[in-house]
Structures are given as C-alpha cells and as structure tokens.
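Student: Could you take me through one part of this structure slowly? I would like to see how a sheet fits in with what surrounds it.

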Amino acid sequence: MTTQAEAEMGKFLLATYRLRILFRGVFLLLALATVGLALSVLQQEKQLSYNNYQSNFNKTRLQISATLRHPAGQLALLNPPADKQRASLRPLLLPYSAIDFDDQNKVQQAIAMSGCLVQYGNEGALCSGIGNNPWAGGFIYIAGNFNSNQLVSHKRGNESLTQAHRLKVSVSLRGQTYRWIAPFEEEIAPARQNQGVRGRWTGFNESEANRPNARPIRDFRGWAWQQAICNQADQDDKDTDCQKNTFFSLRLPIPVLQEALFEKKRPVWPPQDLDQMEVSLSVLPPDSETALLDSKNAPTATPFSLKDLQDNLLPGETLRIRKRDAQNTQDDLINLTGAFEQIDDSWNVLTRLIRRLPVDEYDVPMESRETISTPLANYEVLLKGDVRSVSKSLSVVASRVSWFVGAMLLALTMAWLLIEVSIIRRITLLTKRAVSLSKTMKRAGELEQFDVSDLRSPDELGVLASCLHDLLRRVKEDVERETIRTEQEKEMWHAVGHEIMSPLQSLMALHGNADDQSNRYISRMQQAIRVLYGSASPSEAFQSTVLQVSEIDITLFLKNVADNAPMVGIPDVSYHGTDDVVMVKADEYSLEDVVTHVLRNAERYRKPGTAISIQLQNTETAATITIHNDGPHIADDLIDKIFEYGVSDQHDSGANGNRGQGLFVAKTYMAKMGGTISVQNVERGVSFVLTLQRGNP
C-alpha cells in the first residue's frame, strides 16, 4: 500500500513540475543552441582565418625574398642597420663592383636600382657608396641631384672659385679628413635642340684651392648634367629665376683605402670601419655660401633598410637574417618581430576560448628558410609564423559576436523570467492550491476556501483563475445544497423506518405462529426496514447490509417460492428440477428477495398466457437456478447495465414506483452470499441465471 502511495505521489510531483521542467528545458536548449551556434561560427571563422594566414604567410615569404633579391635588398643586406642613426652621410657598400660615373644613364640606373639615395626634401638627393670589389680602386662614389638656376661655369685661369657653382666635399675616416672644392666647368659641345648644360667638376684640395697655379687632383672625377627645361612648366627657359634639375656624379680618391690594397696581406673588403666613415657634400651657388644642397641637413627619406621589412611581417611573425656561416644568434644581421595590436585585456577569455577551438593543421609549425646570394656572401633568411595572431585577430570578431550572443541570451533570460513570473509561478500556485483542495476533499469530503484573487489579472491566466474561482464557488454551493438534501433524505428514511416498524411489530404479534404464511412476509418486511433504517440512500443501505449466510435446502426453497408466487401476484410459476435435497450457502430471506425481484421482472415482460419456469441444476460444487420467461429480448446496449442502480427501460418508472433498484439488490445480495447472477437472451425469451455455492451434503 505504501509503495502504491509513493508511486502515486511520484506521478503527482512529476505532473506538478512537468510544465516547469518543459519550459526551463526549452530555454536551456535555446541558450545552449545559441552558444553552440556562436562557437560553430567562430570555429569556421578560425578555419578561414587560419587558411588566410597561411596564404598571407606565403605571400610575405615571397615578398621578402623578392625584396632581398632586388638590388635595393642586396644593398640592405650588404649594409646592416647601424646601432645609432647619424644625420651625416655615410658611404654604403653597393651591390656593384664599381659605378660608371662618366655615363649619366648608367649612374642613374645604378643608384635607382640600388635605392641608395638619401632624400633632402625639395633640395635634392644624394647617394654615397663604394664598390663591392676592392680591386676596382679605393674610391668613394657620390651621385645625386639638386635644383638651381643655370649653372655658372668656372673660367680657367680665374683664381677665384666662388664665382661659379661649386661642390664642397669632405670624407672623414681613420682619424683623417679629406676635403675638396670642385667648381663646375662647362663642356663646350655642339649645340643641340633641347640639350641642357653638361660639364665637369674639377677637384682641388680645399687647402690649395685659392693658391695661384693650384693644380686639380687627377683622380678626382666628376660630371654634371643640367636639364634644358625648367622645373615649372609655365616658366621660360631663359628666365633667370628658372629652376632646373641637375644630376651629378663624383669619384673621390681615398688614399688610405688605396694604400691598404697594396699591403702584403689580403685586403679586408668591405672595410670594417665602413659604418664609421662620414661623407659631407654641399652644393654652393656663385658668390654665396648658402648651400643649394647640404648633406648635413636632416634627410626626409633614407635608403631601404632591413628594419623596413618589419612592415611586411604579420603580428607575431619573426624574421632572422644572418650570414650562412654564422653560428650564434648574436651574429644575426637583423631579428624582427611583427608587432601585435593592442587588445583589451577583457577579451583574453575569448582569446583563450578561440585557441581551444579545433582547426585542421593548426598545430603544424609554420616556417621557411631561404638563401639569398650576394656578391660578397650568402645570407640565410628564416621566417617563422605565429598562429596566435589568428586567435588574437579573431578575438576582435568574437567580441562583436559576443555582443549579439549576449543580447540573444539576455533576451532568452528575460523571456524565461517573464514566463516564470507571469505564468509558471501562477500556475504553480494554482496547482498547489488545487492539490490542497483535492487532499481536503479526500480527507474530509468538504471544500475549503479556494482563494485565487491574488492571481486575477486581465491576461488569459488571470481570466482562467477568475473562472475557476467562480466555478468552485458554485460547486461549493451545490455541494452544500447536496449535503443538506442528503441529511434531509436520511432523516426522511429514519422517520419512515420508525413509522413502519411500529405497525409491523403489531402485525407480528397477531401472526406470531410459525405456520402462518403471513409471518414469513412480515419477517421479510422487518428485515428490509432494518436494512434501510438510518441509511443515507437505498444503494448505500444495500451495499452496507451484512447477511446471515447459512446452509439451506435449495430444492425445498424453490418449491415454496413457486407455490407461494400467486399470493404476491405472480401466477403460473412452475418449478422444474430434482426432488433431492440440495444444500447451498445462502441467506434465506435475502435469497427470497433476489428470486422475487427476478420473478417480478419476468412477470412484467412475459407474454400473456405464458408461464415462468424455475429450473435447478446442480454439480458437486455449485447449484444453478435458471428463471425463464417468454418475452421480448433485452436491448444490446442495456443488457450489461440492468444490474446497475436506477437503470430501467421505463421512462416513467419512478412515477409507477419502480426505481430501477430490484436487479441492483439481486446482484448485491448474490455477491454477499458468494454467488453470481447474469442474464442472457435465449431463443424464446430471457433467462436469468443464479449460481450458489454447494454446502455440505
């Protein structure tokens, strides 16, 4: 019994929480689906970003390789970045053995390809360098351009050099400084259309330049080529204010370098102190010391350097360049790392989450090694990728996605809270109060006050609560009225029983003789009154009756019933069966009520002039009584219901005193005596079959 109660309680609790579990489960699944969708999108984005990073890494590798193989890259390899930037001009090791300084086109092409020019704004540009072959001579080459008016040539024999355009050049190295002054001397050439001015730079030692009969330096060579047209298209070429571009090239003899070539030991080239050499050049106009171009000014653009490769690196990538035979990392020419963008620390959690998302080939190291050949040495270029940059860059995307995911989760949470507070909570209160009401009715059979006024509202659930409140109020009123009616009916049965019992006692005194047939029926009437006396209803009275079951002779009993039937208005009743004594277990008065109810029912429906037969058949364990009448069959929809209380095929049965309780009493009494009763439609009429247990022989 306890297990069944616990099972029922478990089912009830499950039913109570089912709606809440359903709603919360749905919202939980929606939240998980939202997070799962976001993670799936991030995983796909990570895969795409990783594939893009691989492609960009290969592009970076190819771009760096192509840059370093270009003469400008060769120049950067041959001239590693200095530890300290200096404003003065220093000679660079050129990727050429020498420069053909006499040919304008070749010089321009060489310095343009190598990218050695240092820009000085609108004033001009300079390139200073040495060849990569020591046997080409210990020379420093300078080439560049500047803007000026028509070049003024120095007249030979004129001791003053200040009346012409001139160059002031100095080179400092190894504790020595060489200084030259080189005036411009125009070269006389056949006049050609659109041909500018061409001439030489004649070099003199600065200390001897103003001496009479000063001789130029033989190894100092230089050329200048001035354009024929003005820089401004709207100016006349003959205008004195016309500014023209002049390109020049110089070859400076450096005795210290030349002497080192003829020493017995093999010369070291390029010179180890190349980065310590300083070159200075200024272009002066006639009769003025204000330079048109001065290398001591701060440059606006410097030649390409290995440090400039950092702009090609993606965040986290590292680039190492060293000579092929270098053993230690200290010998690296350059070691660069791509800079990370500053990322807010609040997204570190997203970055760690993104790193855990699985991606194909994500753990494969990404690096490349290449060898770049130059005229002096081979260089190894090692480029390593850093896939962490994928996660950090993707965290920016994840931060934007997180706002949408957070908004969706917030919307789900608000929807859940709204349903939880406005619907689930109120349904829970309704459920608890309904359960309490159900328990109260089961326990006491009364309705307690079911107050749901706090749940009333204009919405659907509030309307439902109001309807339930009004409905339960009406039910309570109906229950109260039914209770009053039941009490009144009980009092009525009590009064009826009391009033009938007194006359029956007087009749019993008059017919007290056992041989008197009236005595038997008076006794049955007293028993019926005792059954109904004080009961709430007839059905309850019959069901609560306790019978005195004993053993009786069913043969003698049925003969007496058949013989006495005419006395109660049921004629033509005949008995068919054995004359032997057959003992059965039954209550004699109750069994007589059962048979009488069946006989009255048969009397009501038999055809006129036909008899009612009572047949007895017995076995070792049971006795079967069949009461048959020749009449109409019982309807199929009624044959299984005729033993229920109040069931009758006569619509006005109550008005005629027939309450539909006779067969109900018969079935109830048969069950209390351990027997059964049934009905069946036969070929001619209807048969009621009563079965009783056999007693001791």
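Tutor: Happily; what follows is a walk through one sheet and its surroundings. Keep in mind that this is a predicted model.

Let's begin with the sheet itself. Its 4 strands are arranged in the order β14-β13-β16-β15, forming an open sheet with antiparallel pairing. At the edges sit β14 (334–337) and β15 (367–373), each of which pairs on one side only. On average, neighbouring strands here are turned by 15 degrees against each other, if direction is ignored. As background, strands of a sheet pair through backbone hydrogen bonds.

Now look at the middle of that order. Strands β13 and β16 (residues 378–384) run antiparallel and are joined by 6 bridges. One residue to find is Ile321, whose bridge partner in β16 is Val381. Setting aside neighbours within four places in sequence, Ile321 is in contact with a list of residues including Leu68, Leu77, Leu306, Tyr379 and Val381. Ile321 is also among the residues that touch the most other members of the largest nonpolar core, which has 58 residues. Helix α1 (residues 2–69) gives the most to this core, with 5 residues.

A helix lies against the sheet too. Helix α2 (residues 71–78) packs on it and touches β13, β15 and β16, with a direction at about 90 degrees to that of β15.

Next come the charged side chains. In general, side chains of opposite charge can pair when their charged atoms come close. Arg320 forms a salt bridge with Asp332, with the closest N and O atoms 3.2 Å apart. Arg320 belongs to strand β13, while Asp332 is in the loop between β13 and β14, 12 residues apart. Asp332 counts as buried, because its relative accessibility is 14% and the cut-off for buried is under 20%.

At the edge strand β15 there is another pair: the side chains of Glu370 and Arg69 meet in a salt bridge (3.5 Å, N to O). Since Glu370 lies in strand β15 and Arg69 in helix α1, this pair ties together parts that are 301 residues apart in sequence. Glu370 is buried, at a relative accessible area of 19%, whereas Arg69 counts as partly exposed at 46%. Arg61 belongs to this picture as well: salt bridges that share partners join Arg61, Arg69 and Glu370 into one network.

Finally, glance at the loop between β12 (293–294) and β13 (318–323), where you will find Ser305. Ser305 is buried, with a relative accessible area of 19%, and beyond its neighbours within four places in sequence it is in contact with Ala76 and Pro81.

Key
Residues numbered from 1 in each chain as written. Predicted model: local features only at pLDDT ≥ 70, side-chain atom pairs only at ≥ 80, totals over all residues. Heavy atoms only, no water. Core = buried A, V, L, I, M, F, W, Y, C linked by side-chain atoms within 4.5 Å. Buried < 20%, exposed > 50% of the residue type's maximum accessible area, 1.4 Å probe, protein only. Helix = DSSP H or I, 4+ residues; strand = E, 2+ residues; numbered from the N terminus. Contact = heavy atoms within 4.5 Å. Pairing = 2+ DSSP bridges. Axes fitted to C-alpha atoms, helices over the stretch in contact; angles between N-to-C directions. Salt bridge = Lys/Arg side-chain N within 4 Å of Asp/Glu carboxyl O.
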